[in-house]
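Here are a few exercises to work through at your own pace. Keep the sequence and the structure in view, and try each task before reading its solution.

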Amino acid sequence: HEVLVELIKESRKRCDKLEAKLAIKTGGYIKRSNTLNESTLQKFAEMQHSKIEERVYTSLMSHEKKGMTSRIHGLKDEIEILETAESVQQKKYGDLIHEKNRQLLLKRQKQKA
């Protein structure tokens, strides 16, 4: 039994030495692999964030287009109302000028007579 324990200890020592040598030889690869993994995860997170932003701004644009249509119709209605009111006021102004001129003419005719 002691012989087996000794063999296992020696085998373990050799394995530990081999693992240490292997870690030294492949340490650069492991660091590079970890760096690439981190970079890949970061780029993936950025891509996901970009997709979310795209969806948000696409949705906002859609809502804004609907809102613009509504605002345009409202402004057209308001312009129509203002044009009608202006037309009425212009006619009223013309009528008042005409009445003023008629009154002045009547006043001059009375003064001559």
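**Exercise 1. Find the residues that form a patch of positive charge on the surface, and check one of them for exposure.**

Step 1. In this predicted model, the patch gathers Lys9, Lys13, Lys17, Lys21 and Lys25.
Step 2. Take Lys21, which is found in helix α1.
Step 3. Lys21 has a relative accessible area of 54%. Exposed means over 50%, so Lys21 counts as exposed.
Step 4. Now place the patch among the charges of the protein: there are 24 positive and 17 negative ones, and their mean positions are 7 Å apart.

**Exercise 2. Work out which residues form the nonpolar patch on the surface, and whether Tyr57 is buried or exposed.**

Step 1. The patch is made of Ile52, Val56, Tyr57 and Leu60, which together have about 410 Å² of accessible area.
Step 2. Tyr57 sits in helix α1, which covers residues 2-112.
Step 3. With a relative accessible area of 55%, Tyr57 is exposed.

**Exercise 3. Look for salt bridges and describe the partners in some of them.**

Step 1. Begin with the idea behind the pairing: side chains of opposite charge can pair when their charged atoms come close.
Step 2. Searching the whole structure gives four salt bridges.
Step 3. One of them joins Lys43 to Glu46, with the closest N and O atoms 4.0 Å apart. Lys43 and Glu46 are three residues apart in helix α1, so about one helical turn separates them. Glu46 is partly exposed, at 38% relative accessible area.
Step 4. Another pairs Arg102 with Glu99 at 2.8 Å, N to O. Arg102 and Glu99 are also three residues apart in helix α1, about one turn. Arg102 is partly exposed at 39%, and Glu99 is partly exposed at 31%.
Step 5. Arg71 and Glu64 form a salt bridge too, their closest N and O atoms being 2.6 Å apart. Both are partly exposed, Arg71 at 44% and Glu64 at 41%.

**Exercise 4. Describe the overall form of the protein, starting from its secondary structure.**

Step 1. The secondary structure consists of one helix and zero strands.
Step 2. The C-alpha atoms fill a box of roughly 155 × 25 × 15 Å along the principal axes.
Step 3. The radius of gyration is 46 Å, whereas a compact globule of 113 residues would have one near 13 Å.
Step 4. Finally, turn to the surface: buried residues make up 1% of the 113 residues. The accessible surface comes to about 11200 Å², and 60% of it belongs to carbon and sulfur atoms.

Key:
Residues numbered from 1 in each chain as written. Predicted model: local features only at pLDDT ≥ 70, side-chain atom pairs only at ≥ 80, totals over all residues. Heavy atoms only, no water. Patch = residues over 30% accessible without salt bridge, like charges linked within 9 Å, V, L, I, M, F, W, Y side chains within 5 Å. Areas by Shrake-Rupley, 256 points an atom, 1.4 Å probe, with all protein chains shown as cover. Salt bridge = Lys/Arg side-chain N within 4 Å of Asp/Glu carboxyl O. Helix = DSSP H or I, 4+ residues; strand = E, 2+ residues; numbered from the N terminus. Buried < 20%, exposed > 50% of the residue type's maximum accessible area, 1.4 Å probe, protein only. Rg over C-alpha atoms; globule rule 2.2 N^0.38 Å. Lys, Arg positive; Asp, Glu negative; His and termini not counted. Charge placed at Lys NZ, Arg CZ, Asp CG, Glu CD.
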